[in-house]
Amino acid sequence: MTPPRRLGLSLGRLKLSRLSLRARLLLVSVVVLFVGLAAGGAVLVATMHYALMRTANTEALETARSVAVLADTGTLADPLPAAPAVRVQVVNAAGQVLFGSAGTDRLVPILYPRELRELPDGEGRPIPGSRIGFEGEVRVVALTAGPPDGRVTVLVARPTDELTQSVHLLRITLLVTFPPLVALLALVAWRVVGAALRPVEALRAGAEDITGGARPGRLPVPDSGDEIHRLAVTLNDMLHRLEAARARQRSFVADAAHELRSPLTNMRTELEVAQRLPDSTDWPELAGDLLTDVHRLSRLVDDLLLLARADDATTRAVRPATEEIELGGLLAEVAARYEVAYERPAVPLLVTGERDALGRVVANLLDNAVRHARSSVRLEVRPDGTDRRISVVDDGPGIPAADRERVFDRFTRLDDARARDAGGSGLGLAIVRELVRRHGGTVTLRGAVPPPGLHAEVCLPGQAAVSPPADDAARVR
Amino acid sequence: MRLLVVEDEERLASALRRGLQAEGFAVDVAGDGADGLEMARHGDYDAMILDVMLPRLSGYRVVRQLRAEQKWLPVLMLSAKDGEYDQADGLDCGADDYLTKPFSYVVLLARLRALLRRGTPERPTVLRHGDVELDPALRRVTVAGAEVVLTAREFAVLEYLLRRPGEVVSKTELLDHVWDAAVDTAANAVEVYVGYLRRKIGRDRLETVRGAGYRLAATGN
């Protein structure tokens, strides 16, 4: 292909793609319709023409045969019997006209000698009718007859003018009805395509409304059960999920703001009151109180940052630094910090992951357990096939089965008393779930055996590589 | 002056108690909503500082319950929620003022003084006379429990009359308080709207005092 043609083609494509879908569909259907109708018309005309000519030929041949019979029996008479519209001649080998039907030239044969020679026996050919006084074309057939010593040729001329006329008429009719028919079909196609595409436009307008205003909208779902209906349903589903995610985000931010404000309020009010009453203020005690709040705030900020980074990691699939960790030793360190009962297993239990993250998981679980336990907390790790199971069991009040999923949400606190002296940031379990998920593991809560109490179990795959969460769907619960 | 502080953050509550006592107030502290409600019901407090997020009973419910029980002590709400609707809800529930945490202690004191200056007149969130009820926040009117749809002007006329229950309100007064000064309204506009209002809430509920004005009649109940 030469460059200019390619350019032309791409320009053509560009223009076509700029047209609306409706116009393109119309254009394609009109072109296909046009080509189809034209081809059909042409075939019809050709067939008709062929069939009529065949009939004319057969008729002429019939006449020729009946005359040939006469010639064979030597009963030819002048004028030869023939239909009025047909001219018949009997010509001898020298090209002389021996007999003719009424109105036929007695001297000159219908065909020129050369034509006569070239025309095979029993075949026909067209000649201009003007030669023998007819209008239009004439079909001439030649048939050899007579005794072998006196061969003659029977020539039958049959005018085909009326036949070509009717073919012509058919052609004219087709040409005249063709454009309005195409136009009508184009109009119908335009309407039909328009009706089919209307729901698409409705979807577009709906989407514009939703983007334009803050209206938490739904796209209009057409009544039909077609692809557009399914598209609208799918898009609405997506909008719903996005909205839910946004609502969760909003409530998370509101909760975070609340959690950050409470210690700030304490600090500010305590400081302002102390400033107004400097003499009666126990400054060391105030410093202690303020430090408690600072501690609470910095812990909250750490937790928030950790969760934000975890969210970031899941979207960017950043691979955190991993190493081989011996769980028994790691747990011993954490258990010592919380002073809980722990028996280090005899065999080393290895997992691959982030040491700090796993330490944090255990610390958060122990933190919860210690806060709610009545008398004792037990930490334990054991192998289960290739998995490693870490259990934290306390003998506190436990968590009702209905709430065991909810506590993993951010800022969920079950004790509505929200006694902060006892409560954490509300992010502890959310962080546990996030970190465990990053290690390809699961965390479950169940009632302790024997009750009362809570049994938190983390199941980590042994030697598993740290990978971003496998399915995002699980995140959007 | 005796104050009730309802706050579950113990350290904030004790700081407030110390500061307010130094200002010369007598201060009682309640640690949750239910205790706070109980103390407000029975103690004779001059004002109340009420946190919104409280264990057992939220601040909104406490103040709504107090107002429903015709307890009119001034309420200053404290909340870490700073959304505009959170504040609007708090005030519409019957609180008199709203401060978002963290607040300035100086402003808290000033607002408290302002509240105390106003005293404790009846400040119902829902205006009521006989069986006619009007909620300004919801812009809703019910007569004998059935909702009545009023135009803005009719609503304003009824609200003004309900704020002066049992008193005779003159046409001029209604004109001054319900219609704005820019509109050159004839006194008979008042008659027209009072006519509409009568048709909607019942003729006998709004009586004409010849030569003086209008008065809500003490019917129903």
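This report walks through a predicted model of two chains, A and B, starting with chain B and ending with where the two chains meet.

## Chain B at a glance

Chain B has 221 residues, and 34% of them are buried. Its secondary structure adds up to eight helices and 11 strands. If you take the contacts in chain B between residues at least 6 apart in sequence, 57% of them link residues at least 24 apart.

## The five-stranded sheet

A good place to start looking is the open sheet of chain B, where five strands pair in parallel in the order β2-β1-β3-β4-β5. The edges go to β2 (26–30) and β5 (97–100) of chain B; each has a single partner strand, so one side of each has no neighbour in the sheet. On average, and ignoring direction, neighbouring strands here are turned by 20 degrees against each other.

For a look inside the sheet, try strand β3 (residues 47–51) of chain B, which runs parallel to strand β4 (residues 75–79) of chain B and is joined to it by four bridges. Within that pair, Leu50(B) sits opposite Met77(B) in β4(B).

## Helices across the sheet

Two helices are worth picking out here. Helix α1 (residues 10–22) of chain B lies across β1 (2–6), β2 and β3 of chain B, and runs at about 170 degrees to β2(B). Helix α3 (residues 59–68) of chain B lies across β1, β3 and β4 of chain B, at about 150 degrees to β3(B).

## Two hairpins in a row

Further along chain B, strand β6 (residues 127–129) runs antiparallel to β7(B), with three bridges joining them. Arg128(B) has Glu133(B) in β7(B) as its bridge partner. The two strands form a hairpin with two residues between them, and Gly130(B) in the turn has a positive phi of about 60 degrees.

β7(B) then pairs with strand β8 (residues 140–143) of chain B, again in the antiparallel sense, over four bridges. Here Leu134(B) stands opposite Val141(B) in β8(B). This is a hairpin too, with four residues between the strands, and Arg139(B) in the turn has a positive phi of about 50 degrees.

Which residues of β7(B) are buried? Val132(B) and Leu134(B), which point to one face, are; Glu133(B) and Asp135(B) point to the other face and are not. That fits the usual pattern, as side chains in a regular strand alternate between the two faces of the sheet.

## Helix pairs in both chains

In chain B, helix α6 (residues 152–162) and helix α7 (residues 171–178) pack with their axes 10 Å apart, at an angle of about 120 degrees, and are therefore oblique to each other. The crossing is right-handed. On the α6(B) side, Arg153(B), Ala156(B), Val157(B) and Tyr160(B) meet Leu174(B), His177(B) and Val178(B) in α7(B). By class, that gives five nonpolar, one polar and one charged residues.

Chain A has a pair of its own to look at: helix α8 (residues 355–372) and helix α9 (residues 428–438), whose axes come within 9 Å and cross at roughly 150 degrees. This crossing is left-handed. The residues of α8(A) that meet α9(A) include Val361(A), Leu365(A) and Asn368(A), and those on the α9(A) side include Leu429(A), Val432(A) and Leu435(A). This contact has eight nonpolar, three polar and three charged residues.

## Backbone oddities

Most residues other than glycine have a negative phi, and most peptide bonds are trans. A few spots in this model break with that. The Lys101(B) to Pro102(B) peptide bond is cis, with omega near -5 degrees, and Pro102(B) is placed in the loop between β5 and α5 (105–118) of chain B.

Arg56(B), in the loop between β3 and α3 of chain B, has a positive phi of about 70 degrees without being a glycine. Arg56(B) counts as partly exposed because it has 16 C-beta neighbours inside 10 Å. Over in chain A, Glu339(A) is likewise not a glycine and has a positive phi of about 55 degrees. Glu339(A) belongs to the loop between α7 (327–338) and β7 (341–342) of chain A, and counts as exposed because it has 10 C-beta neighbours inside 10 Å.

## Where the chains meet

Between the chains, 17 residues of chain A are in contact with 15 residues of chain B. On the chain A side, helix α5 (residues 227–276) supplies the largest share, 12 residues. By class, this side has four nonpolar, five polar and eight charged residues.

How values were computed. Residues numbered from 1 in each chain as written. Chains lettered and ligands numbered in written order. Predicted model: local features only at pLDDT ≥ 70, side-chain atom pairs only at ≥ 80, totals over all residues. Contact = placed C-beta atoms within 7 Å. Nonpolar A, V, L, I, M, F, W, Y, C, P; charged D, E, K, R; others polar. Axes fitted to C-alpha atoms, helices over the stretch in contact; angles between N-to-C directions. Parallel < 35°, antiparallel > 145°, perpendicular 65-115°, else oblique. Left-handed = near helix turned anticlockwise from the far one by under 90°. Pairing = 2+ DSSP bridges. Buried ≥ 20, exposed ≤ 12 C-beta atoms within 10 Å, placed from the backbone.
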